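Trainee: I've got this one open on my screen and I'd like to talk it through. Could you take my questions one by one?

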Amino acid sequence: MIEKVEIEMISEKELRDIKEYAEAAFGKVFESREKAKQRIVYDLLNYLKTNNRNQFLYQVLKLLAPYMKEESVRKLSSLLNKMDIEYDTPENFQKLGYTIIMGIMSSGGE
């Protein structure tokens, strides 16, 4: 008999927290750099479309690395680490990815 494994999904609260921290963190990253923000959003959407989790996370962490002194960046990094370990499924990756992209798109930067 095949044992049914229940997949744990990311909660709405966690997704809201990620969007909030992504908005604040990427607001710092993309201050006055709207074209760069658009290019990154486009790249991240392509990584999601092709389910390229490693490249997606690499790109996000590469962007955040220079800003690790910012509290929002540290909190976002901590949440991403937790999510990557606890919710390792394609469905959760899609939710997480789109939430980060929405945070980037709604961040300041103009």
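Mentor: Sure, and keep in mind that this is a predicted model. Let's start with a loop residue: at 42% relative accessibility, Asn-51 counts as partly exposed.

Trainee: Where does Asn-51 lie?

Mentor: Look for the end of helix 2, which covers 34-49, and then for the start of helix 3, which covers 53-64. Asn-51 sits in the loop between helix 2 and helix 3.

Trainee: What is the phi of Asn-51?

Mentor: Most residues other than glycine have a negative phi. Asn-51 goes the other way: it is not a glycine, yet its phi is positive, at about 55°.

Trainee: How are helix 2 and helix 3 oriented to each other?

Mentor: Their axes come within 9 Å and cross at roughly 155°. Angles over 145 degrees count as roughly antiparallel. So helix 2 and helix 3 are roughly antiparallel.

Trainee: Which residues make that contact, and how do they divide by class?

Mentor: Helix 2 brings Ile-40, Leu-44, Tyr-47 and Leu-48, while helix 3 brings Gln-55, Phe-56, Gln-59, Val-60 and Leu-63. By class, the contact of helix 2 with helix 3 comes to seven nonpolar, two polar and no charged residues.

Trainee: Which residues does Phe-56 touch, not counting residues up to four places away in sequence?

Mentor: Phe-56 is one of the helix 3 residues in the contact with helix 2. With sequence neighbours up to four places away left out, the partners of Phe-56 are Leu-44, Tyr-47, Leu-48, Phe-93, Gly-97, Ile-100 and Ile-101.

Trainee: Which residues have the most contacts inside the largest nonpolar core?

Mentor: That core has 31 residues, and those with the most contacts inside it are Phe-26, Phe-56, Leu-76 and Ile-100. The elements giving two or more residues to the core are helix 1 (12-29), helix 2, helix 3, helix 4 and helix 5 (90-105). As for the names you asked for, they are Phe-26, Phe-56, Leu-76 and Ile-100.

Trainee: Which helix gives the largest share of this core?

Mentor: The largest share is seven residues. The helix that supplies them is helix 1.

Trainee: Are helix 1 and helix 4 roughly parallel, roughly antiparallel or oblique to each other?

Mentor: They pack at an angle of about 140°, with axes 8 Å apart. The roughly antiparallel label needs an angle over 145 degrees. So helix 1 and helix 4 are oblique.

Trainee: Which residues make the contact of helix 1 with helix 4, and how many of each class are there?

Mentor: From helix 1 you have Glu-14, Asp-17, Ile-18, Tyr-21, Ala-22, Ala-24, Ala-25 and Phe-26. From helix 4 come Ser-72, Val-73, Lys-75, Leu-76, Leu-79, Lys-82 and Met-83. By class, the contact of helix 1 with helix 4 has 10 nonpolar, one polar and four charged residues.

Trainee: Left-handed or right-handed: what is the crossing of helix 3 and helix 4?

Mentor: Helix 3 and helix 4 pack at about 160°, with their axes 11 Å apart. That angle makes helix 3 roughly antiparallel to helix 4. The crossing of helix 3 and helix 4 is left-handed.

Trainee: Which residues meet there?

Mentor: On the helix 3 side, look for Arg-53, Leu-57, Val-60 and Leu-64. On the helix 4 side, they meet Val-73, Leu-76, Ser-77, Leu-80 and Asp-84.

Trainee: Is Ser-77 buried or exposed?

Mentor: Ser-77 is in helix 4, residues 71-86, and touches Leu-64 and Met-68, not counting residues up to four places away in sequence. Buried means under 20% relative accessible area. At 17%, Ser-77 therefore counts as buried.

Trainee: What about Arg-74: buried, partly exposed or exposed?

Mentor: Arg-74 is also found in helix 4. Arg-74 and Tyr-21 are 53 residues apart in sequence and 9.0 Å apart in space, C-alpha to C-alpha. With a relative accessible area of 42%, Arg-74 is partly exposed.

Trainee: How far apart in space are Gly-27 and Gly-103, C-alpha to C-alpha?

Mentor: Gly-27 is in helix 1 and is buried, with a relative accessible area of 16%. Gly-27 and Gly-103 are 76 residues apart in sequence, while their C-alpha to C-alpha distance in space is 9.0 Å.

Technical notes
Residues are numbered from 1 along each chain as its sequence is written. This is a predicted model: local features need pLDDT of at least 70, side-chain atom pairs count only at pLDDT 80 or more; totals for chains, interfaces and linings use all residues. Side-chain values use heavy atoms; hydrogens and water are left out. Helices (H or I, at least four residues) and strands (E, at least two) are DSSP runs, numbered from the N terminus. Buried means under 20% relative accessible area, exposed over 50%, partly exposed in between (1.4 Å probe, protein chains only). Contact means heavy atoms within 4.5 Å. A nonpolar core is a set of buried Ala, Val, Leu, Ile, Met, Phe, Trp, Tyr and Cys residues joined through side-chain atoms within 4.5 Å. Axes are lines fitted to C-alpha atoms, for helices over the stretch in contact, and angles run from 0 to 180 degrees between N-to-C directions. Angles under 35 degrees count as roughly parallel, over 145 as roughly antiparallel, 65 to 115 as roughly perpendicular and the rest as oblique. Ala, Val, Leu, Ile, Met, Phe, Trp, Tyr, Cys and Pro count as nonpolar, Asp, Glu, Lys and Arg as charged, and the others, Gly among them, as polar. A crossing is left-handed if the near helix is turned anticlockwise from the far one by less than a right angle, and right-handed if clockwise.
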